[in-house]
Amino acid sequence: MSLNAYQQALKTTEDPRNTEYRLFAEITRELMSAKERGVRDAQFIEAIDRNRQLWIMLATDCADDSNQLPKQTRAAIVSLSIFVHKYSAKVSRGAEDITDLIDINRTIMKGLQPK
């Protein structure tokens with residue numbers, strides 16, 4: 001079995017919570033790397049944009065009535081997504097620090113962490 005086939009099989013059988021955790025971990029590492037480099041270049045902006053896309057995806061999923069999370073949790077995720085979107089624009093412009101985006105993701109990861 002090739003590595004690609006194995007990875008595809010893993011993705012189709014992985015628990016959605018684990019998938020979300022893995023995606024948050026990947027994107028958070030990109031944000032941390034961007035912070036460590038300390039340069040607002042294309043790689044920095046790309047990390048922020050990938051994070052913003054993740055949060056847009058979460059908000060879209062939470063806005064769907066078929067989502068099984070409690071309404072209060074879904075509303076909180078949508079609100080947090082709006083904050084991340086607005087804050088990301090400020091980080092991209094250099095008006096805010098990327099650390100808060102990293103901290104938000106880490107907090108979410110703690111809640112998603114496999115038991």
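Me: In what order do the elements of the chain run from the N terminus on?
Reply: This is a predicted model. The chain holds five helices and zero strands. From the N terminus on, the order is therefore helix after helix, as helices and strands are what is assigned here. Written out, the elements run α-α-α-α-α.

Me: What share of the residues in the chain is buried?
Reply: Buried means under 20% relative accessible area. The chain has 115 residues. The buried part of them comes to 28%.

Me: Which residues of the largest nonpolar core touch the most other members?
Reply: Members of such a core are buried nonpolar residues joined through side-chain atoms within 4.5 Å. The largest one has 22 residues. Those that touch the most other members are Phe24, Leu31, Trp55, Val91, Ile98 and Leu101.

Me: Which helix gives the largest share of this core?
Reply: Several helices contribute to the 22-residue core. Helix 2, helix 3, helix 4 (71-93) and helix 5 each supply at least two residues. The largest share is seven residues, and the source is helix 3.

Me: How many salt bridges does a search of the whole structure find?
Reply: Side chains of opposite charge can pair when their charged atoms come close. Here the cut-off is 4 Å between a side-chain nitrogen of Lys or Arg and a carboxyl oxygen of Asp or Glu. Arg37 with Asp41 is one such pair, at 2.5 Å. The whole structure gives four.

Me: How far apart are the closest N and O atoms of Arg50 and Glu26?
Reply: Arg50 and Glu26 form a salt bridge. The pair links distant parts of the chain, 24 residues apart. Arg50 sits in helix 3 (residues 42-63) and Glu26 in helix 2 (residues 16-37). Their closest N and O atoms are separated by 3.0 Å.

Me: What is the N to O distance in the salt bridge of Glu30 and Arg50?
Reply: The side chains of Glu30 and Arg50 meet in a salt bridge. This pair also links distant parts of the chain, with Glu30 in helix 2 and Arg50 in helix 3, 20 residues apart. From N to O the distance is 2.3 Å.

Me: Which residues are linked in a network of salt bridges?
Reply: Arg50 forms a salt bridge with Glu26. Arg50 also meets Glu30 in a salt bridge. The network therefore passes through Arg50, given the salt-bridge criterion used. Its linked residues are Glu26, Glu30 and Arg50.

Me: Why does Arg50 count as partly exposed?
Reply: Partly exposed lies between buried, under 20%, and exposed, over 50%. Glu26 falls in that range at 30%, and so does Glu30 at 25%. Arg50 counts as partly exposed because its relative accessibility is 25%.

Me: What is the relative accessibility of Asp41?
Reply: Asp41 pairs with Arg37 in a salt bridge. Arg37 is partly exposed, at 31% relative accessibility. Asp41 counts as partly exposed as well, and its value is 27%.

Me: Which residues gather in a patch of negative charge on the surface?
Reply: Patch residues need over 30% relative accessible area and no salt bridge. Asp103, in helix 5 (residues 99-112), has 36% relative accessibility, so the area cut-off is met. The patch gathers Glu96, Asp97, Asp100 and Asp103.

Me: What distance separates the C-alpha atoms of Met57 and Ser81?
Reply: Met57 lies in helix 3. Met57 is partly exposed, with a relative accessible area of 43%. Ser81 is 24 residues away along the chain. The C-alpha atoms of the two are separated by 9.1 Å.

Conventions. Residues are numbered from 1 along each chain as its sequence is written. This is a predicted model: local features need pLDDT of at least 70, side-chain atom pairs count only at pLDDT 80 or more; totals for chains, interfaces and linings use all residues. Side-chain values use heavy atoms; hydrogens and water are left out. Patches are made of residues with over 30% relative accessible area and no salt bridge: like charges are joined within 9 Å, nonpolar side chains (Val, Leu, Ile, Met, Phe, Trp, Tyr) within 5 Å. Accessible areas come from the Shrake-Rupley method with a 1.4 Å probe; for residues, only the protein chains shown count as cover. Lys and Arg count as positive and Asp and Glu as negative; His and the chain ends are not counted. The place of a charge is taken as NZ of Lys, CZ of Arg, CG of Asp or CD of Glu. Helices (H or I, at least four residues) and strands (E, at least two) are DSSP runs, numbered from the N terminus. Buried means under 20% relative accessible area, exposed over 50%, partly exposed in between (1.4 Å probe, protein chains only).
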